[in-house]
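Here are my notes for you to read alongside the model. Keep the viewer open and find each spot as you go.

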Amino acid sequence: MSEPRKFLLDESEMPTHWYNVVADLPTPPPPPLHPGTHQPVGPDDLAPLFPPELIAQEVTTERWVEIPEAVREVYAQYRPSPLIRARNLEQKLGTPARIYYKYEGVSPAGSHKVNTSVPQAYYNKINGITRLTTETGAGQWGTALSYACALFDMSCEVWQVGASFDTKPQRRTLIETFGGTVHRSPSRMTESGKAFPEDHPGSLGIAISEAVELAAQDPEAKYALGSVLNHVLLHQTVTGEEALKQLAKTGESGADVVIGCAGGGSNFAGIAFPFLREKLAGNQSPRIIAVEPSSCPTLTRGEYRYDFGDTAGLTPLMKMYTLGHDFVPSTIHAGGLRYHGMAPLVSHTVHEGLIEATALHQTECFEAAVEFARTEGIVPAPESSHALAQARREALEAKESGEEKVIVVLLSGHGLLELGAYDQFLSGRLEDDPLSEDDLQAALAGVPEIA
């Protein structure tokens, strides 16, 4: 027991501000555009969906944004989250690399999503909003927002991607336990949903369209998004800020590799952007790697273009890596990574060469997840398994080279409600489904041409 495994912070060391990477980027990111005029979106364009505080956070160029006291009080239920040295995994791999994982599964809803659901619910509550609508893939975000709405005495209505709705009934039950209402998407409740057959597997793009459509029709409702937008990425930076402090407590001079899974981009940005700040300042020089599924390879095979964030074209046009807003990914188990686009800020940093991206097959990811469970005792969410699989690759490369690299990986949630996926893997029934070139080109054909 002479070598510590957990590196903890006191509640007094919890971040008091969120970090905004826009302030430190060498080039400013392209602005979102109005879908009709193709002119930059202004605050009035966003007002039907978001309260003024979130709109201000969406467009701010300030480096730091203060976390309200009411939000910090909720954060203190589970933050600061632990940074843990994966000593058993290191020994199993026989690697000289030192692997640290930042574990967000300790939150009330079991994932990083609470980091943004709480401030989003809080800002809507102080503006008199009584109802929030949203989408969810695997169910992590729907769970987190339902919990936050319960804290602030608000109702929460969730459109869950059909494929996940059908295969993850426990997620629906958890959302309902926290007080949320769940609809299968595409539903018959919206024009956006009626455009698709009832048995359609759905997509995050379709579910977003349905939630946005309903929120825009109700003056007492607003829409809450679990990823992609600037203010969501901003809220997630508490993970990276804590990890920097914790890594310093380990005695390391910095990270050599920082890894996170990427679907919409928020949990990855949460760990990556504070480390990117240190990299840009010359304090550290890590490789920062976003890991996505080969069946939904937005960053690695998509195009950097203006596209809609939803399928029906109700959202502003955002400059991002996209597979096309009509794209419907295969029904892989990492439901939170099945999104056609990528956060504009993450896309910009990848396009500028500040961050790397890679895509992995789900069988390799589940192999890494099972190995992690059997060594570290945590069953990871399928989304997080992508980050762990890349960390495993990096650790084995270090074994070959003899390099004592420091690897920091974000474990964004647990997989205790994803045991059906693990059952498929363990019984040999899990298959890879990489995106074909024909399907990619067909989906990209629908991306609007913006001069």
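Where is the place of Pro186? Pro186 sits in the loop between β8 and α9 (191-194). Keep in mind throughout that this is a predicted model.

1. Let's stay with Pro186 for a moment. The peptide bond leading into it from Ser185 is cis, and omega there is near 10°. There's another cis bond to find, joining Arg79 and Pro80, with omega at about -5°. Pro80 belongs to the loop between α3 (69-75) and β4 (83-85). Here's why I flag these: most peptide bonds are trans, and most residues other than glycine have a negative phi.

2. That brings us to phi. Asp153 isn't a glycine, yet its phi is positive, at about 55°. You'll find Asp153 in the loop between α6 and β7. Val228 also has a positive phi, near 75°, and isn't a glycine either. Look for Val228 in the loop between β9 and α11. Are these two buried or exposed? Asp153 is exposed, with a relative accessible area of 65%, while Val228 counts as buried at 4% relative accessibility.

3. Now for the sheet. Four strands make up an open sheet in the order β8-β7-β6-β9, and the pairing is parallel. Because β8 (181-185) and β9 (221-223) are at the edges with a single partner strand each, one side of each has no neighbour in the sheet. Going from one strand to the next, the twist averages 25°.

4. Zoom in on β6, residues 131-136. It pairs with β7 in the parallel sense over 6 bridges, and Thr134 stands opposite Val158 in β7. Towards β9, which also runs parallel to β6, there are 3 bridges. On that side, Leu132 stands opposite Lys222 in β9.

5. How many of the residues of β6 are buried? The count is 6 of 6. In a regular strand, side chains alternate between the two faces of the sheet. In β6, Arg131, Thr133 and Glu135 are on one side and Leu132, Thr134 and Thr136 on the other, and all of them are buried.

6. What lies across these strands? Helix α6 (residues 140-151) lies across β6 and β7 (155-161), at about 165° to β6. Helix α10 (residues 204-217) lies across β6, β7, β8 and β9, and its angle to β6 is about 170°.

7. Don't go hunting for disulfides, as the structure holds 0 of them. For Cys149, the nearest cysteine sulfur is that of Cys156, 4.3 Å away. A disulfide would need the two sulfur atoms within 2.5 Å, so that pair doesn't count. Cys149 is buried, at 0% relative accessible area. Cys261 is in no disulfide either; its nearest cysteine sulfur, on Cys365, is 9.5 Å away. Cys261 is buried too, at 1%.

8. Finally, the empty spaces. A search of the whole structure turns up 4 cavities of 30 Å³ or more. The largest cavity holds about 340 Å³ of space. Its lining has 29 residues, and Lys113, Trp141, Leu204, Ser227 and Gly336 lie nearest the centre. Our friends β6, α6 and α10 are among the elements that each supply at least two residues of that lining.

9. The largest pocket has a volume of about 810 Å³. It is lined by 40 residues, with Pro32, Val41, Leu46, Glu58 and Pro316 nearest its centre. Elements that each give at least two lining residues include α2 (52-59), α10 and β13 (317-322).

Note on methods:
Residues numbered from 1 in each chain as written. Predicted model: local features only at pLDDT ≥ 70, side-chain atom pairs only at ≥ 80, totals over all residues. Heavy atoms only, no water. Pairing = 2+ DSSP bridges. Axes fitted to C-alpha atoms, helices over the stretch in contact; angles between N-to-C directions. Contact = heavy atoms within 4.5 Å. Buried < 20%, exposed > 50% of the residue type's maximum accessible area, 1.4 Å probe, protein only. 1 Å grid on protein atoms, 1.4 Å probe; cavity = no way out; pocket = protein on both sides within 12 Å on 5 of 7 lines; lining within 4 Å. Points joined across faces, edges and corners; volume = space filled by probe spheres on them.
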